[in-house]
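Visitor: I am new to this structure and would like a close look at a single part of it. Please take me through that part slowly, and then show me what lies around it.

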Amino acid sequence: MSLLTPVDIGDVAEPSPPAPARSVVRRRDRVVIRFAGDSGDGMQLTGDRFTSETASFGNDLSTLPNYPAEIRAPAGTLPGVSSFQVHFADHDILTPGDEPDVLVAMNPAALKANMADLPRGAEIIVDSDEFSARALQKVGYDASPLEDGSLDAYRLHPVPLTTLTVEALKAFDLTRKEAERSKNMFALGLLSWMYHRPTEGTEKFLASKFAKKPEVARANIAAFRAGWNFGETTEEFAASYEVAPAVKAFRPGRYRNISGNLALAYGLIAASRQAELPLYLGSYPITPATDILHELSRHKNFGVRTFQAEDEIAGIGAALGAAFGGSLAVTTTSGPGVALKSETIGLAVSLELPLVVVDIQRGGPSTGLPTKTEQADLLQAMYGRNGEAPVPVVAPRTPADCFDAAVEAARIALTYRTPVMLLSDGYLANGAEPWRIPEQDELPDLRVPFTTAPNHVLEDGSEVFWPYKRDPETLARPWAVPGTPGLEHRIGGIEKQDGTGNISYDPANHEFMVRTRQAKIDGIAVPDLTVDDPGGDAKLLVLGWGSTYGPITAAVRRLRGAGERVAQAHLRHLNPFPKNLGEVLARYDKVVVPEMNLGQLSVLVRARYLVDARSVTQVNGMPFKADALADSLKEAIHG
Amino acid sequence: MAETLLSLVPKAEARQTMKDFKSDQEVRWCPGCGDYAILAAVQGFMPELGLARENIVFVSGIGCSSRFPYYMNTYGMHSIHGRAPAIATGLATSRRDLSVWVVTGDGDALSIGGNHLIHALRRNVNLKILLFNNRIYGLTKGQYSPTSEVGKITKSTPMGSLDAPFNPVSLAIGAEATFVARTVDSDRKHLTSVLRAAAEHQGTALVEIYQNCNIFNDGAFDALKDKERAKEAVIRLEQGRPIRFGANGEQGVVRDRATGELKVVTVTARNEADLLVHDAGAASPTTAFALSRLADPDTLHHTPIGVFRDVERPVYDTLMADQLDTAVARYGEGDLMSLLAGGDTWTRDE
């Protein structure tokens, strides 16, 4: 099927622009929409498409997919509800939004599971066809909330989405069941009309996604258009809304919408190109990191080798082997996988080979909450190995920032010949936002030379290669890869003599090597921490790391809007900390550290800098809500 | 194909000798350890390959045998317990110009590293795995291993070990290995011939080497080493030859027509024509597996040595490299800037 626009699907009318004569158009500066349904209803796809339309329209946006770990939980039940929230605005925004302005609920379970988050006055669109007695009973509704007045405080729109979809598709050669599957596209069409979203991208997408099943492609496009036309012709919706493009939010450049895992995968490919080294990924499938394996596996024409190993240990083992051979080596996993990889990370510390370990954190301990977010692997990343085994730790702050963080992790790994922990999380991994695509000349040069000649002269004048003779500046050891004549050497996990790298059990040498490995990591050059304190007179500093950047920044803005003075700083480097961190902390009377764990960064800064850092923590599998966080910070300011 | 894989590894410019493969490190195995003989055999054999020394890598795990790389004047990595096949897989699949050897032991390969071993074998990565089997944990001072006979009395099993042992050859064949051989540390000629066949093999080669631990399991293989006893105990497998053994070849292996299993018989004029002719290249692993089951795990009687299986199957590293080539042929050499700017984009002007 060709990708011509508009897509020819026969006699279904094409979307028309909303006619202002009939429906009122209102302006909004920002809107939060949540699509919710059964895990099988296609809510993630619906949300993704709405997001792409919104991105191409030029709004700033932020998304929050939220779904159960089960692939298909029992239909119509509360545990089976999957949702996708998108926040878009005519200005720059930082979070997926606290409370939805609009909830699209495809069944009673989706309605019930999401009501608690809905502010009064919010718009609710439900598929009224799904509110049968049995479906209501399944989730414990005694009476239909559509009829018992319990939703009077909301603007409720019961729409028979299923019936309307089947009706719209009756010309197609589809069973009723097949036709019903397109109801998510009907809903997407309706919401696209309501918020004046462009439609071409979705039509192209559907045509290409179902290229091998043209009838299904046409049916989905027809349902999508029918949804749009329904909004346009029915009198159910009194108004449609415009959210102008966020012109000022974006500095000049070319943009695309991107999720954290995609940005991270691209960052790794970019690092490989900038280092002029082949990329090697050793990995084992684990939620929520697997998408990086999927993505990198698609780019073999970049010389990317992806190895799906028999287990987590083999994944990192293969990566370390490739690092020995001169690849930019990466392993991707989530918390439980890091636990399994720990011994090999320790070996990489001892071998002093470059290796990027990507941990997409999820709720723990153990299997925990595979599809929910958390930041509780920080101490594991810092200390989760036997012996003194320091590892640099880098954390991205937003989905798009995963690109830069990946490049930075690769830079440190290559420059200092060390494993590096890249700590993303489930929220960043699956969340999306606009990303300014960098120009080639904005990417750093990551080339490091392999050692190709002897680097040491013995007393007798003979030239030899010493695998542990270090660069005096970086303390990195030489990287001489197999195939280099004359530099044959053996490395291993047993303690090595300084310089020669030969096995050594000498006490003084071990003391020296432990301290030297630590000094190498402590000496890694990282940029100073910048503090955002517009008035310069704040008494309280909010210090964060990782994905709390969005909620913290939004909370800080609200506080400042309300006249509070508050300073904000966000760490990219958790190990080593920026050199000025101690001095920054000392400048403030109060330091508050919001984290999605029980206070791991605050433990670190308290121990290192003897500051009385106060923790604000949340471990419910979801990102902070900006309002609640603002309340906590306000308490801290005045408490 | 036989030419291609080894031909990817650069050749040595000058003629090499055993001395070229000895590193400057003092060998620190217990005096009398079987590892010395294996080291000498490998160092003596390497010049025969004629490969550039810098393109040879030995990777090991943990255990007595895993000190091996330190003594080879090639590139080497002494890694962590059980993981050498995984690490070597990453190296071999990313650097096809290297000849990658794994040195491991019965505990390293079959206990803590069992998973990596079987998956390397099924993938057919171009690795040569030398499994030193002494049927004991030596480095931790004498606990039973996954190849120890049932009832083994050790410090951790004072009333005898309870678990049935692995037969490494059976295990490897079951794991879809394309090359499986067994040899003995003290038979340098046989050991070298098996190494030669392994080196020439395309893909993963598993060589089980019976190795004497004279400290914790001394004499474990005496049944196979004592000249007289060996005549009755050892079955030498030779490609294309009827399988016979005994002082004068008076015993042989035939297939039981009723059960299909292999059995040892006294060779007579009547059954001589029925003797099994060894074919390591048989497509089906069935007969190789049956051969691996002939040995009595306790007495080691009827232990076949030699190459059980040697077949061709696509090599993982080659397939991986081919996919990269195919991707370039299909989509062109990757262009970073177009990748980053893929999908729907929009532009903000000044």
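Visitor: Is H8(A) largely enclosed by the rest of the structure or not, and how many of its residues are buried?

Guide: The model is a predicted one, and within it H8(A) is largely enclosed by the rest of the structure, because 15 of its 20 residues are buried. The helix covers residues 214-233 of chain A, and at 1.5 Å a residue it should span 28 Å, which agrees with its end C-alpha atoms, 28 Å apart.

From this helix we can turn to the contact between the chains, to which chain A brings 74 residues and chain B 60 residues. About 5,500 Å² is buried between chain A and chain B, with carbon and sulfur atoms giving 60% of that area. The count of salt bridges between the two chains is 2, and in a salt bridge the side chains of A:Arg273 and B:Glu333 meet at 3.9 Å, N to O. Across the interface there are also 31 residue pairs in polar contact, both residues of each pair being at pLDDT 80 or more.

On the side of chain A that touches chain B, several elements each supply at least two residues, among them helix H1 (43-57), strand S9 (253-259), helix H9 (260-275) and helix H12 (335-351). The largest share of that side, 7 residues, comes from H11(A). Sorted by kind, the residues of the side of chain A that touches chain B comprise 39 nonpolar, 22 polar and 13 charged.

How values were computed
Residues are numbered from 1 along each chain as its sequence is written. Chains are lettered from A and ligands numbered from 1 in the order in which they are written. This is a predicted model: local features need pLDDT of at least 70, side-chain atom pairs count only at pLDDT 80 or more; totals for chains, interfaces and linings use all residues. Side-chain values use heavy atoms; hydrogens and water are left out. Helices (H or I, at least four residues) and strands (E, at least two) are DSSP runs, numbered from the N terminus. The expected span of a helix is 1.5 Å times one less than its number of residues. Buried means under 20% relative accessible area, exposed over 50%, partly exposed in between (1.4 Å probe, protein chains only). Contact means heavy atoms within 4.5 Å. Buried area is the accessible area (1.4 Å probe) that two parts lose on being put together, summed over both. A salt bridge is a side-chain nitrogen of Lys or Arg within 4 Å of a carboxyl oxygen of Asp or Glu. A polar contact is a pair of N or O atoms within 3.5 Å; within protein, one must be able to donate a hydrogen and the other to accept it, and residues adjacent in sequence count only if both atoms are side-chain atoms. Ala, Val, Leu, Ile, Met, Phe, Trp, Tyr, Cys and Pro count as nonpolar, Asp, Glu, Lys and Arg as charged, and the others, Gly among them, as polar.
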